[in-house]
Amino acid sequence: MMIYPRDDERAIRIQGMVSDWAASGLIDAEQRGRMMADLEVDYRRTNRFLRITLFLFGYLIINAFAGLFAATLDLREGFGVVLIIAAVGAFVLAQWVIAHYRLYRFGIEESIAFSAVSFAGLGCAIFLRGGFSSVRGFIALAGAAFIVFARFGYLYAGVAAVLFAGCIPLNFGYAYSDTLRRLLSIVILFLIFGLARERRKDHEWEFPGDLYGAIEATAWAALYVVTNLKASQWLLVTMDDVAQFYWATYAGIWILPAVGLFLAIRDRHRWMLDANIVMAIVTLMTNKPYLNGVQKPWDPIVFGVLMIVIALGLKRWLASGADGSRSGFIARRLLASERERLGIASSATALAPGAPQPHSHEPPPSFGGGRSGGAGTSGKF
């Protein structure tokens, strides 16, 4: 059961939608004021920048305090037990802070709750005398992150739980083949995808259906990454481990985006639509390496031209429909939040490693002030 009442969560989401409509010019200030008056909730909230700052500083301070406590008492044997106790304490403390100070996505309470996840993961990993176990650690991380998600409704905790769960079989060690580890990870991620999809359908797109929709898309995307051997080549020990699995994964990287796009379009699922478009692009990028083709210098140019042609063709096709749309899909962005996200994505692309840097001319060589090596003459000679 979530700590925030469901009606409050829905009111807060509708507040965001109303503000977005007003910023997009779909409603005027008077209409926005009347709507907001009916959606008031009694919580302390802050802006996104301060929330992130408080989360980071709070998380660092809490973990530093735990480390200082362990170093001061020279805890070696029972440090795992102490961390598990600290995880329970942090989880309880986060609930008390929210109830006492009426905080909602304020950053501080989030840092306390997420510290419980890291304490539980590390504590379980070093709990037994057998030494550090990454499998136990990821199991604890996945379970603790899901508990935080279920109690507080933090979407990033749910996403982390999916990723941690998918990593559990990948840490089974070299006694298991890479094929078996990947298959187990795929099974886990597919089960999570199915469960999240059913939960999302139970609530449609109202809270918490929107959260389960994001988790559904995350599990599907993670399933694709594990399937694509070229996108997750860092997980391979040797290619011989997946020789019998190779061409099945090649078929999978084409099937998954196609099936995902079909489901996303049918369900009007924006998270799935975006994820599967990225997956389709990655499939095209890794197709040549999969077939052991020779990379050419002009491959990125051809790929970029192909993307431009597809984008322009799709935009013209959507705009040519009745009222500029086809089955409810349009070729332009109506909401200010969508335009903002597109701007952030463009900025991230420009700042990505390998992006062209501003050209700078090297200064002309200077021959003044040097020393001649032979006769000891100065540069003024």
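Contact means heavy atoms within 4.5 Å. The exercises below use that term throughout.

This is a predicted model, in which local features need pLDDT of at least 70, side-chain atom pairs count only at pLDDT 80 or more, and totals for chains, interfaces and linings use all residues. Residues are numbered from 1 along each chain as its sequence is written, and side-chain values use heavy atoms, with hydrogens and water left out.

**Exercise 1. Place aspartate 267 and list what it touches.**

Step 1: find the element. Aspartate 267 belongs to helix α10 (residues 246-267). Helices here are DSSP runs of H or I, at least four residues, and strands are runs of E, at least two, numbered from the N terminus.

Step 2: check burial. Buried means under 20% relative accessible area, exposed over 50%, and partly exposed in between (1.4 Å probe, protein chains only). Aspartate 267 has a relative accessible area of 15%, so it is buried.

Step 3: list the contacts. Leaving out residues up to four places away in sequence, aspartate 267 touches Arg197, Arg200 and Trp205.

Step 4: look for a polar contact. That term covers a pair of N or O atoms within 3.5 Å; within protein, one must be able to donate a hydrogen and the other to accept it, and residues adjacent in sequence count only if both atoms are side-chain atoms. The side chains of aspartate 267 and arginine 200 make such a contact, at 3.4 Å.

**Exercise 2. Is valine 97 buried or exposed, and what does it touch?**

Step 1: locate it. Valine 97 is in helix α4 (residues 79-101).

Step 2: read the area. At 8% relative accessible area, valine 97 is buried.

Step 3: collect partners. Not counting residues up to four places away in sequence, valine 97 touches Arg102, Leu103, Glu109 and Ile112.

Step 4: add a distance. Valine 97 and isoleucine 108 are eleven residues apart in sequence, and their C-alpha atoms lie 8.7 Å apart.

**Exercise 3. Describe the largest nonpolar core.**

Step 1: define it. A nonpolar core is a set of buried Ala, Val, Leu, Ile, Met, Phe, Trp, Tyr and Cys residues joined through side-chain atoms within 4.5 Å.

Step 2: find its hubs. The largest core has 59 residues, of which Val117, Val148, Phe152 and Tyr154 touch the most other members. Helix α9 (residues 209-227) gives the largest share of this core, ten residues.

Step 3: look beyond it. Another core lies apart from it and has five residues, among them Ala11, Val18, Ile27 and Leu39.

Step 4: inspect one hub. Neighbours within four places in sequence aside, the contacts of phenylalanine 152 include Ile3, Tyr4, Phe91 and Arg105.

**Exercise 4. Classify two aromatic pairs by their ring planes.**

Step 1: set the rule. Rings of Phe, Tyr and Trp (its six-membered ring) pair if their centres lie within 6.5 Å; planes under 30 degrees apart count as stacked, over 60 as edge-to-face and the rest as tilted. The structure holds 22 such pairs.

Step 2: take tryptophan 96 and tyrosine 101. Their centres are 5.9 Å apart and their planes at 90°, so the pair is edge-to-face. Tryptophan 96 is partly exposed at 46%; tyrosine 101 is partly exposed at 39%.

Step 3: take tyrosine 154 and tyrosine 156. With centres 5.5 Å apart and planes at 10°, the pair is stacked. Tyrosine 154 is buried at 1%, while tyrosine 156 is partly exposed at 29%.

Step 4: widen the view. Tyr154 and Tyr156 belong to one aromatic cluster that includes Phe55, Tyr59 and Phe114.
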